[in-house]
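Subject: The structure I promised you

Hi,

Here is the structure we talked about, with my notes underneath. Have it open while you read, and write back if anything is unclear.

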Amino acid sequence: MNMFNNLLKIDEAGNVFSEWVEWKHVTAGFLHCSTCLSLHKCWFHRKKMPICKQHEHCHCYVFSINSPIPNVNSKAECSIDKFTGYIFSEKYKWNGKMELFHSLGFTIEDSQMLKDEFEKQAVQKYCNGDYTLQKLNAYGQRINIVIQLQKNGREINFESGWMVREKGLVTLNTPLGD
């Protein structure tokens, strides 16, 4: 597939359109909605975006953009600490996630591989619009992305939680959502 196939679409009537939008927060007056501010400059697939107008006095709008291209103008970031300092940490052993990862054959030594694989799949799936909207608040729009891993002859799916950030960036909140 050519990387330019992703930029614009043509419908049956020959109209050119983009499947992606950028959120624009417009400052009007002295009061600002923290939720709207958190969405400013975020990119969403047109069919998987928060409702635009968020409230009665909302001045936000969206405008069409070219579809994001993985690792060109879009990126996924995952701190290795999400694995070394959380999933495989004795401090958080109570939540059962370390036990789950261990039962699937993963250890703390797999942290770099897990980080890299989560980033690789997340950016690809985000750019394909393969995500589900979750909680939206003053911290931003959370999305869930299914990460598929192979281990010991098994395919394992992890529902991971990400935040949509400005200009095509998604950052990992949790490798394994509750």
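A nonpolar core is a set of buried Ala, Val, Leu, Ile, Met, Phe, Trp, Tyr and Cys residues joined through side-chain atoms within 4.5 Å. Buried means under 20% relative accessible area, while exposed is over 50% and partly exposed lies in between (1.4 Å probe, protein chains only).

Before you dig in: this is a predicted model, so local features need pLDDT of at least 70 and side-chain atom pairs count only at pLDDT 80 or more, whereas totals for chains, interfaces and linings use all residues. Residues are numbered from 1 along each chain as its sequence is written, and side-chain values use heavy atoms, with hydrogens and water left out.

Let's start with the core. The largest nonpolar core has 39 residues, and the ones touching the most other members are Phe101, Phe106, Phe118, Tyr126, Phe158 and Trp162. Helix H4 gives this core its largest share, six residues. As background, nonpolar side chains tend to be buried together in soluble globular proteins. Phenylalanine 106 is a good one to click on: leaving out residues up to four places away in sequence, Phe106 touches Phe88, Phe101, Met113, Leu114, Leu149, Lys151, Ile156 and Phe158 (contact means heavy atoms within 4.5 Å).

Now for H4 itself. Helices (H or I, at least four residues) and strands (E, at least two) are DSSP runs, numbered from the N terminus. H4 covers residues 111–127, which makes 17 residues, and spans 24 Å from its first C-alpha to its last, close to the expected 24 Å; that expected span is 1.5 Å times one less than the number of residues. Its buried residues include Leu114, Phe118, Val123 and Tyr126, but also Lys115, Glu119 and Lys125. Just after H4, glycine 129 has a positive phi of about 75°.

On to the strands, where two count as paired if DSSP finds at least two bridges between them. S8 (residues 140–151) and S9 (residues 154–164) run antiparallel and are joined by eleven bridges, with asparagine 144 opposite glycine 161 in S9. Their hairpin has two residues between the strands, and asparagine 152 takes a positive phi near 50° there. S9 also pairs with S10, again antiparallel, over four bridges; tryptophan 162 has leucine 172 in S10 as its bridge partner. In that second hairpin, with four residues between the strands, lysine 167 takes a positive phi near 55°.

Is threonine 174, in S10 (residues 169–174), buried or exposed? Threonine 174 counts as buried because its relative accessibility is 10%. Its side chain reaches the backbone oxygen of leucine 176 at 3.2 Å.

Strand S3 (residues 20–24) is mostly covered, with four of its five residues buried. S3 runs antiparallel to S4 (residues 43–45), with three bridges, and antiparallel to S5 (residues 61–65), with five. Valine 21 has phenylalanine 44 as its bridge partner in S4 and stands opposite serine 64 in S5.

Last, the cysteines. How many disulfides does the structure hold? Zero, where a disulfide is a pair of cysteine sulfur atoms within 2.5 Å. Cysteine 36 is in none, and the nearest cysteine sulfur, from cysteine 60, is 3.6 Å away. Cysteine 58 is in none either, with the sulfur of cysteine 60 nearest at 3.7 Å.

Happy exploring!

Notes:
Polar contact = N/O pair within 3.5 Å; in protein donor to acceptor, adjacent residues only side chain to side chain.
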